[in-house]
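Me: I have just opened this entry and would like to understand the words people use for it. Could you take me through a few of them?

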Amino acid sequence: MRKLIACGVVLTAALALIVPGAFGGAEQQPGLTARSITIGGTFPLTGIAAAYAPIPVGMKAYFAYVNATRTGPDKKRGVFGRQIIWKYYNDEFNPALTTNFTRRLVEEDRVFATVGQLGTEHNLAVRPYLNQQRVPQTLVSTGASFWGTQYKEYPWTIGWQPDYIAEGRRYGLHIKANHAGKKIGILYQQDDYGKDYLYGVRYALGRQYVQNNVVATEDYPVGATSLTSQMLRIRNSGAQVVVHLSLTTPTVIALRTANAIGLRPDQYYMNSVSAIAPVMTPLQANPGNNYLNGIFTVAYFKDPADSRWANDPAMKLYKDIITKYAGGTNVNDPQVMYGVAKAETFVQALYKIGKSPTRAKLMNALTNMNSTNRFLLPGIKQKTGKRDRFIISQMQLQRWNNGQWAEVGGIVEGRPR
């Protein structure tokens, strides 16, 4: 599987450094001064994917915490005395706007790196430009497999979360083990995001199993406002197991439509991208927990709404950070936690590269990881290497039960050797 397989400040570079190593050559270090390091990204703060708007808010709060405290290994505020300046723009989940704002970040804001930009098509749109400019495109907020499999062509790009192929594979394996021989219906988004997930499910099932058991494979375009025809075809196919590989709004539409037309499968699977509070909260109102109970998904970071973490030191720190540095933000929103966990990984990389950071050193740090992250689930490691560019590849299966996700089994490796 390893071979298979989202207020402005303008700074000018204060240093011209010689950059050694695999990312090579002499270059200036934009976004870097003796007292600050400027990074940025683009996110859908409004529009069809606004459910992910809390991600950069969580990142901002964590960076503010680092800037204000002396809890790092250097015992200085910031990282080695540098304050982290975090800039982000609203791309409305429009790849054209992603491109425009990314150019602004690089050419006007002079960022040291982009961090956590969201969306598969959106990151694909700017990946050639950022790699040509040798700007690190780091910890992208999308699990597309490209970030880990195409590193030779795009060495300045790296993801963070488990990739969609690995996640889809986990659902396929669970279906074969627990619902052998049952008819399967699949709904997926008609782009690289959805196709990655679909590939993972089909790969795990195997060609012959797919031919014998997958009775409906329905796609939908980005921005679809109705999924009635797709869900009717899945219902009419006689599918006993239904797999949703969709974004937030389409997931709500699909499940409400399924309930309205009388689709009652033995088992639902929902991809982790949509297994979040902005989806599950309205679904609990309609169609309700009686319909939702038993849905499977996966997780890899701690859910702040889950009572089992109430006395966890990392969760207490997380809630303190959000309360102090992101007042008014919903502390129980897992998207906020996602942003905090991702920001911690980035700060870990900054500490690893030392007092004289360069863009090349940052990429080397991110591609040679072997560490934990206190905001991830216990047992999950951040690990990369020469031929492994998937920072997180482990995950936990979980099932919906009357208003919350409950873990099932233990931590599993999504990309086994």
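Me: Which residues touch the most other members of the largest nonpolar core?

Reply: Happy to help! This is a predicted model, and in it Tyr62 and Phe63 touch the most other members of that core, which has 114 residues. Helix 13 (residues 334-353) gives the most to the core, with 12 residues.

Me: What makes Ile39 a contact of Phe63?

Reply: Contact requires heavy atoms within 4.5 Å, and Ile39 meets that cut-off with Phe63. Leaving aside neighbours within four places in sequence, the list for Phe63 also includes Ile84, Trp86, Ala343, Phe346 and Val347.

Me: Why is the chain called as compact as a globular protein of its length?

Reply: The globule rule gives 22 Å for 417 residues, and the radius of gyration of the chain is 21 Å, close to that value, so the description fits. The chain holds 14 helices and 15 strands.

Me: Why is Lys75 called exposed?

Reply: Exposed means over 50% relative accessible area. Lys75 has 54%, so the word applies. Lys75 lies in the loop between helix 1 (54-68) and strand 4 (83-90).

Me: And what makes Glu92 partly exposed?

Reply: Partly exposed runs between 20% and 50%, and Glu92 is at 44%, so it belongs there. Glu92 sits in the loop between strand 4 and helix 2 (95-107).

Me: What is said about phi in Lys75 and Glu92?

Reply: Most residues other than glycine have a negative phi. Lys75, not a glycine, has a positive phi of about 60 degrees, and Glu92 has a positive value near 55 degrees.

Note on methods
Residues are numbered from 1 along each chain as its sequence is written. This is a predicted model: local features need pLDDT of at least 70, side-chain atom pairs count only at pLDDT 80 or more; totals for chains, interfaces and linings use all residues. Side-chain values use heavy atoms; hydrogens and water are left out. Helices (H or I, at least four residues) and strands (E, at least two) are DSSP runs, numbered from the N terminus. The radius of gyration is taken over C-alpha atoms; the globule rule is 2.2 Å times the number of residues to the power 0.38. A nonpolar core is a set of buried Ala, Val, Leu, Ile, Met, Phe, Trp, Tyr and Cys residues joined through side-chain atoms within 4.5 Å. Buried means under 20% relative accessible area, exposed over 50%, partly exposed in between (1.4 Å probe, protein chains only).
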